[in-house]
Amino acid sequence: MSNSARRPNIVLILTDDHASHAIGAYGSVVNTTPRIDEIAATGRRIDNCFCTNALCTPSRASILTGTHSHVNGVTTLDTPIDASQPTFASLLKDAGYRTGLVGKWHMGEGPAHDPQGFDYWAVLRGQGEYFNPQILTKHGVEVVPGYATDIITDLALDWVDSLDGDEPWCLLIHHKAPHRAWEPDEKHKGMYTDPIRVPGTFDDDHATRSQAARRATMRVAEDLTPEDLKQDPPEGLDDEQLALWKYQRYMEDYLACVASVDDNVGRVTDWLRAQSHFDDTLLMYTSDQGFFLGDHGWFDKRFMYEESIRMPLLVSYPSRITPGEPVEQLITNVDFARTILEAAGVEPHERMQGTSFLPQLTGSPDSTQDAVYYRYYENDDQHHHAPAHYGIRTERHKLIYFYNDGLGLPGTSGISYPPEWELYDLVADPEELTNVCDEPSYTEIREELEAQLWRLQADLGDVPHPTQEVPARLAAHPTAISMN
Ligand code: CA
């Protein structure tokens, strides 16, 4: 039996809101992450991985179940998962894997929503605490003294250390960090005292964006709270100076939380090497979505803009994956389940959507997807006033339809606004500063993308918002609609 025929162990380290532009391997100019970078150096960096709904709870459900939000039912923060759904973990367990989950779950609590398909689970309650977190297991709730990122790693390694026998195992390590309110531990607090570089789009005036985006309350200058910043600003700052001061405070703590994650990723890889498991382990580092790090003047996520939907994804599996150039193909969080199952030699469930990207990692790409479908449902008027929208991202373009309607879903607002479109040319305008939706020179592209979005949505079993008209190209050829 060759090395590659052995079923791999699987370790998925999932952080919360860790943007790829705060990872050294992705060229960060604001911090270093040597231990996370090691995964890329021994494996592959994936450059175009996107979430399909940039919010913690829905992204987690999509990763586990291998389905879009409209299929798994987890559309907003207030739609707990039906945990009896098939997941890659439950299928691995059925195939003889030992399965464990430690850390943030955030998909509901109670018999219908607690983790299923795991031999062992120990999870934070709700969003979880950074310090002395409450840990929920099948035996009840316990407050564990210490710092969440360390505790989650401790519990994860304790579990896998406790296993006997040769059957492979799958371990999910789900950190709370670096989620708001960005509370660093003593070891890393204050490690970023030098000025942190301010992104080039910090002063974006959002001039050509939709009203939907302009209404959002996620501005560093205006919407970070005293609780977020944990200090009073110095006296006598003008508006511009105050905005920059807030940016520095925000980033100091965010990056210090990341530094603790980096140390703890190192603990996991050190453990794998010490146990001689490293070569035969599919080790993945990712985050449930990206984050605005002052980009466009914002923090948070939710929007279908690049910094928000782009997930870091670094993968090593030395016995099957040879280090090489970054993978450029479009990949989504829905693709993870099929990829992990293919690596383990386990058949995916028929309802699982997406496409395995294992061939891209092992150097024999035989499949591609030419577009990503995105849908954000929350339409909230409490947190950040980010409106409901869906859209399509191809290699070159992004078309977004802000339908601005909560559709009565739990966690959404009853307020709705007139729909608006945005279109970006990611080659001419990689920072998405200019919405070209109404530019005459983009009319053809927009019509094509509207038709492509309509077809993709139908292929995936989702339905357009009632306010969206049938795209002109499809209305002119009705059979093209019924074929899809
Ligand atoms: Ca998140």
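Which residues does Lys398 touch, not counting residues up to four places away in sequence? The first legend below gives the list, and every view comes from a predicted model.

**View 1. Lys398 and its surroundings in strand 14.**
Let's start with the residue in our opening question. Lys398 sits in strand 14, which covers residues 397-402. Leaving aside residues up to four places away in sequence, Lys398 touches Met304, Tyr305, Glu306, Ile309, Ile392, Arg393, Glu422, Leu423, Tyr424, Leu426 and Glu432. Two of these neighbours deserve a second look. The side chain of Glu306 makes a polar contact of 2.7 Å with the side chain of Lys398, and the side chain of Glu432 makes a polar contact of 2.6 Å with the side chain of Lys398. Lys398 has a relative accessible area of 0%, so this lysine counts as buried.

**View 2. The calcium ion and its protein donors.**
Here you can follow each donor atom to the ion. Asp16 (OD), Asp17 (OD) and Cys56 (SG) are among the donors, together with two OD entries for Asp288 and both OE1 and NE2 of Gln289. Their distances from the calcium ion run from 2.2 to 3.0 Å. Along the chain, the donor residues follow the spacing D-D-x38-C-x231-D-Q. Asp16 belongs to the loop between strand 1 (9-15) and helix 1 (34-42), while Asp288 belongs to the loop between strand 9 (281-287) and helix 10 (306-309), so this pair ties together parts that are 272 residues apart in sequence. Are these two aspartates buried or exposed? Asp16 is buried, at 0% relative accessible area, and Asp288 is buried as well, at 0% relative accessibility.

**View 3. The largest pocket.**
This pocket has a volume of about 610 Å³. Its lining is made up of 27 residues, and those nearest the centre are Ser20, His21, Asp295, Glu307 and Glu431. Helix 9 (239-274) and helix 10 each contribute at least two lining residues. Sorted by class, the lining has 12 nonpolar, seven polar and eight charged residues.

**View 4. The second largest pocket.**
Our last stop holds about 300 Å³ of space. Phe202, Asp203, Ala221, Glu222 and Ala243 lie closest to the centre of this pocket, out of 15 lining residues. Helix 7 (220-223) and helix 9 each provide at least two residues of the lining, with helix 9 giving the most, five residues. The lining of the second largest pocket comprises five nonpolar, three polar and seven charged residues.

Definitions and conventions. Residues are numbered from 1 along each chain as its sequence is written. This is a predicted model: local features need pLDDT of at least 70, side-chain atom pairs count only at pLDDT 80 or more; totals for chains, interfaces and linings use all residues. Side-chain values use heavy atoms; hydrogens and water are left out. Donors are N, O and S atoms within 2.8 Å of the metal (3.2 Å for Na, K and Ca); water is not among the atoms, so sites may look incomplete. Helices (H or I, at least four residues) and strands (E, at least two) are DSSP runs, numbered from the N terminus. Buried means under 20% relative accessible area, exposed over 50%, partly exposed in between (1.4 Å probe, protein chains only). A polar contact is a pair of N or O atoms within 3.5 Å; within protein, one must be able to donate a hydrogen and the other to accept it, and residues adjacent in sequence count only if both atoms are side-chain atoms. Contact means heavy atoms within 4.5 Å. On a 1 Å grid over the protein atoms alone, a cavity is a set of points where a 1.4 Å probe fits but cannot get out, and a pocket is an open set with protein on both sides within 12 Å along at least five of seven lines; lining residues have an atom within 4 Å of a point. Grid points are joined across faces, edges and corners, and a volume is the space filled by probe spheres set on the points. Ala, Val, Leu, Ile, Met, Phe, Trp, Tyr, Cys and Pro count as nonpolar, Asp, Glu, Lys and Arg as charged, and the others, Gly among them, as polar.
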